[in-house]
Amino acid sequence: MRVLTLNIWKDEGDLAARLEMIAEECRLLQPDMICLQEVYADATMDAGKWLADALGMTRVAVPARTKQRSGVLSSSGLAILSRLPLLAEESLDLPTSAADGGRKALYGDFETSKGPLRIVSLHLSHLKAEEGDLLRSQQLAAIWSWASEGWDHPILLAGDFNATRKAACFDWLAQQGTITGTDSLLPQATSLRHQPNALIDHILLAGRGGWELIGAELCFTGIDATTGCFASDHFGILASFNPID
C-alpha cells in the first residue's frame with residue numbers, strides 16, 4: 001500500500017499548471033491514498049475535486065479557513081483521495097487561537113486487504129515559539145482522542161504538522177502507543193522547498209498489526225523545465241507499507 005501526503009499551497013503561483021504537475025507525478029507514483037492540505041476551493045473550482053477527477057479516485061473533503069484570497073472568498077481545506085472503498089468519514093474542528101483559527105482535521109475509514117484502516121489528513125498551527133508548540137500539542141491530542149476512540153484498527157496520521165519529530169507535541173503522542181513515522185527513513189530530508197532541516201510533513205502509523213512501514217521518499221521535488229513552475233512550496237512524502245499478520 002502506498003500513501004502520499006502533500007500540502008498543495010492554496011492558489012499560490014500558477015495553480016492550474018501546478019495541478020497538472022501534481023496529477024502527472026501521481027500517475028507515475030500510483031499511490032493508493034493521497035492526503036492533501038491547503039486545498040483551495042472557491043465558488044467555481046475545487047483543487048481536490050479536480051485532482052480526484054483527473055486521477056479517477058474517490059474523494060472526501062472538508063473546507064477550512066475560509067477568507068478572502070486575492071479578492072476571492074475561498075477555503076484552504078483538507079482532502080483524502082483513495083482507490084480503496086470508503087467506509088465512513090468525519091471531520092473535527094481543532095483547538096484554535098485568535099492568531100491562527102479555523103483549522104480542522106479529516107478522517108476517512110477505508111477497507112484494505114488487512115481490514116479497516118483510518119487515515120487522518122491534518123494541518124496543524126503554523127504559529128512559532130511557545131504559543132505554537134502549545135497549540136500544536138493541544139491539536140494533536142484532540143486529533144488522537146477523536147480518531148482513536150472506539151477504534152481497534154490501525155490509524156495513519158498524515159499531513160503538515162508544522163513541526164519536526166523533535167517538537168514537544170510529539171512527546172505526548174509517543175506515550176499513546178507504538179508510532180512509526182516516515183521521518184525515521186528520511187533523516188536528512190526537508191519537506192519545505194526553500195528551507196533546510198525542516199521535515200515538518202509526516203506520515204505516522206499508529207497501532208500494531210495490519211501494516212508495516214517499509215519505505216519513504218520525497219516527491220514533487222522537480223521544477224518544470226518549460227514553465228519554471230514547481231508543484232508546491234512543500235515536497236510530498238510517499239510512504240510504502242507491507243501487510244503483516
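A pocket is an open set of points on a 1 Å grid over the protein atoms alone, where a 1.4 Å probe fits, with protein on both sides within 12 Å along at least five of seven lines; lining residues have an atom within 4 Å of a point. This is a predicted model, where local features need pLDDT of at least 70, side-chain atom pairs count only at pLDDT 80 or more, and totals for chains, interfaces and linings use all residues. Residues are numbered from 1 along each chain as its sequence is written, and side-chain values use heavy atoms, without hydrogens and water.

The largest pocket is lined by 27 residues. His126, Lys128, Asn162, Leu192 and Ile200 lie nearest its centre. Helix α3 (129-148) gives the most to this lining, with 3 residues. Helices (H or I, at least four residues) and strands (E, at least two) are DSSP runs, numbered from the N terminus.

The second largest pocket has Thr164, Asp183 and Asn197 among its lining residues.

| Pocket | Volume (the space filled by probe spheres set on the points, which are joined across faces, edges and corners) |
|---|---|
| Largest pocket | about 440 Å³ |
| Second largest pocket | about 240 Å³ |

Now helix α1. Its 15 residues (15-29) should span 21 Å at 1.5 Å a residue (times one less than the number of residues). The end C-alpha atoms are 21 Å apart, which agrees. Buried residues (under 20% relative accessible area, 1.4 Å probe, protein chains only) of α1 include Leu15, Ile22 and Leu29. Just after α1, Gln30 takes a positive phi of about 55°.

Conventions:
Buried < 20%, exposed > 50% of the residue type's maximum accessible area, 1.4 Å probe, protein only.
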